[in-house]
Amino acid sequence: MESLHLFSNTRAMKHFFVQNYTEDFLPSAKSIAEFLDFILRVEGKRKIPPFLRNFYLYQAIQENYQNTQKLGNFARNFTQFLLNSTFFLKFYDELCAECVSLESLANFDIYAFYDDHLEGLKAIFKSYQEILIKNHFFDKYFLEDYQITFELLYPFERIVIHLEGFLSQFEMQVLRKISKKLPITFELNLDSFNQEYYTKLFEIPLEIGFYEIVLFCNKLSYDKIVQNINSKGKESQVQVLEFRDKIAEVGGIFAQIDVWLGQGITPEQICIVLPNEEFAHYLRLFDKARNFNYAMGSALKSSALYRNLKNAIKAQNAQANCNESPQVEEQDSTLAIPNFLDFESFKEFLQNLEANSKEAQRVKEKFLEGLEQFDFALKYLTSLSVQEQILAFLDMIEEVTLDDVGGGRISVVGILETRGVCFPYVIIPEFNAGNVPSLSDKDLFLNTAMREKIGLPTRKSRENLQKHYYAKLLQGSCKAWIMCLSNDENKPSRFLLEDSIFGNSPLLKADTRYSEYFLSGKALNYQECEIVAPLEIKDFSATSLQCFLTCPRKFYYRYILGFKETANEAVNIGSKIHNILKEIYQRTQDYNMDLMYQEFCKEMDKSHSLKESFESALAQKYLKNFFESEKVRLESGWIPFAFEQDFCFEFAGFALKGRIDRIDKRGNEVCVLDYKYKRNLKVESKNYEKATDFQLPIYVLAIQKGAICACNPKQIQAGFYDLYEAQIKREQDLNAKIEVLQEKLETIKKDSKEVNFVLAGKREACQYCDFIYLCNRY
């Protein structure tokens, strides 16, 4: 007879084996999640695959369209739903984990304010359950007549749970039932952060210390208190440093590892713990010798194949649904993605795809493995178009990761991977507000007071759990470096104020030498690499010309080599405003600004996400003044004449092209306008010799050259329409700026056979540039 050991994660399980079983046979062990799937069953039903959950929930929402409108217009089609479904399923999962039914929420007066939302959610999840029953699936054991397969437990004399973190009410319910057959021992460390939680969970008075608590025949008893975790006789040496930027942080990490390795510390004793795993991208960029082993691997969604497929299919789907125009990246021109007639043609495309490197081959293999799983789901997705089926497949494999093959001996892990593990030498970068504590979107529907009443974890309890993780991590270490950013955008985490975790460690300024760690030689001897090549561009837009005049090197990368810039996944409210203004102005005849503002607000209310909805509401507030200003403009005789006018004309040896947002007309006068939804909009002064933005002069020239049809005015005005301040801002002397534009273009043309693509003169231009690392300007 043997014991079955259960752990919070697999890393803790491996650490347990290494610490306790160097020569003996290993005991049986599982993670808690694996154990539940191992031991539980529902007769006559199969557990729903994750990739079908989204589709069935989408069907349930469509069946309850009227009720879901109270929750927002986020699921008008399957593609849109995939972008916003996460918070629904997380809310559903949390209620099931804590054995809380939606019906029970109605019993609390505090939820009366959310009655409409509650009715919508109840209707959705009721339909979702009906769809599951119809297709012989189950989702959560809590909602089913589940059974425990006790026969699988016969080889064991007891279960030992090495407990870190929360146990849900459902997990505790199952364990109580199992305890009627064999004893369960909980091994746990209690500190000031988790003491209250476990006292409530076990319903017995517990003090700070290490416990073995036995649950048998549904009764709890103390086995023993082994030690007090605060009487270990040693304290970790903690140093807290603040840096100005991420590159200096990375330099600090490498420099401190150099120090420890020089002292004889082995790489296996060092661990980099990431509160935000996105920071791994920075480490990978500089880890050229592959000294690090990344426990989180690399996400499949970051591969070129995934990105290009996602963007191509989204574009195809948008084309099939004419009412949509999503923001997508340009796809890699080296990968031609056809319009797939059916899912089989998509499978053939992946199977026949050439892999030109080991990395590309690994990505392809992951895709093909995903296809094997997805075949099961296809028969349930016949109501979707082929593009939607492919998007559902891509959504399924989005979180699949590639293991870090060939990584080094220094571990890089997320904070959750440190549960139950000790590392003697620890570095924790990015210890900033926003990362620590990490925020959960599980609180979207229920506030703290409601959560306390019904027994759900609150924000405070989640934060205490995170404090426990960091406290355990530092208590198990000999030396620790805590690193945080302190600048205009980032502030140190308030967790640093917890003396019980970090002691009295002062917050010190990091040495400036860390910023120069990666420089090859002294900074004064550093020389930029020159790039000299002919300029074979025959045309400019205002944007590309501004890029050339600001930073020729960026122009070279972007417009000559064709390097893609990183797509901005943030909501582009400016583009949305442009499109809506164009539509409502084009379809109106009497320019009733009050009615047009109502139409504008109605269109802005059509949002695809909570973030977009919030920013759209702000835009409605600001543009109220814009429509009032338009009334005055109409009264003065200006009438909107044309919108989104494309043009192209020859000037100073180049073709200049672009698109004008709007042209107003008053008698023989025209006014060219460019909308700007930007705070603190400024226009250039008369010092045009240093100017880089020639947008308005190019627009005026387009009118003068006749590049805009049916527009032959005697007088031309031009300006930026500041939508924030509801006023038109004009440059002082456009004719003078046109002369400067001509001089600059003639100089560019003259030197075009041999252009030195130098770096930007001022480093401010590099701050948000995608090519900052190519230029060594980090």
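1. Let's start with a weak spot. Over residues 567–571 the pLDDT stays under 50, and for this stretch the model has five contacts beyond four places in sequence. This is a predicted model, so confidence is the place to begin. Residues 228–234 also have a pLDDT below 50, with 15 contacts in the model beyond near neighbours in sequence.

2. For the protein chain as a whole, the average pLDDT is 84, and 87% of the residues score at least 70. Among its elements, helix α4 (residues 65–68) has the lowest mean pLDDT, 59, and strand β17 (residues 425–428) has the highest, 97.

3. Now the overall make-up. The protein chain has 26 helices and 27 strands, and 48% of its 778 residues count as buried. Take the contacts with a separation of 6 or more: residues 24 or more positions apart account for 75% of them.

4. Which residues touch the most other members of the largest nonpolar core? They are Tyr 56, Phe 367, Phe 374 and Phe 393, out of 63 residues in that core. Helix α3 (residues 50–63) supplies the largest share, eight residues. Phe 374 is worth clicking on: leaving aside neighbours within four places in sequence, its contacts are Phe 51, Phe 343, Leu 381, Gln 389, Ala 392, Phe 393 and Met 396. There is also a second, separate core of 47 residues, with Leu 545, Leu 656, Leu 701 and Ile 738 among them.

5. Helix α25 (residues 695–704) is mostly covered, with nine of its 10 residues buried. Leu 701 is one of the buried residues of α25, and others include Tyr 699 and Ile 703. What do the buried residues of α25 pack against? Their partners are helices α20 (542–550) and α26 (734–750), together with strands β22 (639–651), β23 (654–666), β24 (669–676) and β25 (715–722). After α25 comes Gly 706, with a positive phi near 75 degrees.

6. α20 deserves its own point. Its axis and that of helix α21 (residues 552–560) come within 5 Å and cross at roughly 135 degrees, so the two helices are oblique to each other. From α20 the contact uses Thr 543, Ser 544, Cys 547, Phe 548 and Thr 550, and from α21 it uses Pro 552, Lys 554, Phe 555 and Tyr 559. By class that makes five nonpolar, three polar and one charged residues.

7. Leu 274 sits in strand β12 (residues 270–274). Is Leu 274 buried or exposed? Its relative accessibility is 1%, so Leu 274 counts as buried. Not counting residues up to four places away in sequence, Leu 274 touches Phe 279, Ala 280, Leu 283, Met 296, Val 412, Val 413, Gly 414, Ile 415 and Pro 429. With Val 412, the C-alpha to C-alpha distance is 7.3 Å, although 138 residues separate the pair in sequence.

8. Some backbone oddities to check. Most residues other than glycine have a negative phi, and most peptide bonds are trans. Glu 203 has a positive phi of about 60 degrees; it is found in the loop between α10 (195–202) and β9 (209–216) and, at 66% relative accessibility, counts as exposed. Glu 644 also has a positive phi, of about 50 degrees, but this residue is found in strand β22 and is buried, with a relative accessible area of 18%. As for peptide bonds, Val 436 and Pro 437 are joined by a cis one, with omega about 0 degrees. Pro 437 lies in the loop between β17 and α17 (448–454).

How values were computed. Residues are numbered from 1 along each chain as its sequence is written. This is a predicted model: local features need pLDDT of at least 70, side-chain atom pairs count only at pLDDT 80 or more; totals for chains, interfaces and linings use all residues. Side-chain values use heavy atoms; hydrogens and water are left out. A nonpolar core is a set of buried Ala, Val, Leu, Ile, Met, Phe, Trp, Tyr and Cys residues joined through side-chain atoms within 4.5 Å. Buried means under 20% relative accessible area, exposed over 50%, partly exposed in between (1.4 Å probe, protein chains only). Helices (H or I, at least four residues) and strands (E, at least two) are DSSP runs, numbered from the N terminus. Contact means heavy atoms within 4.5 Å. Axes are lines fitted to C-alpha atoms, for helices over the stretch in contact, and angles run from 0 to 180 degrees between N-to-C directions. Angles under 35 degrees count as roughly parallel, over 145 as roughly antiparallel, 65 to 115 as roughly perpendicular and the rest as oblique. Ala, Val, Leu, Ile, Met, Phe, Trp, Tyr, Cys and Pro count as nonpolar, Asp, Glu, Lys and Arg as charged, and the others, Gly among them, as polar. pLDDT is the predictor's confidence in each residue, from 0 to 100.
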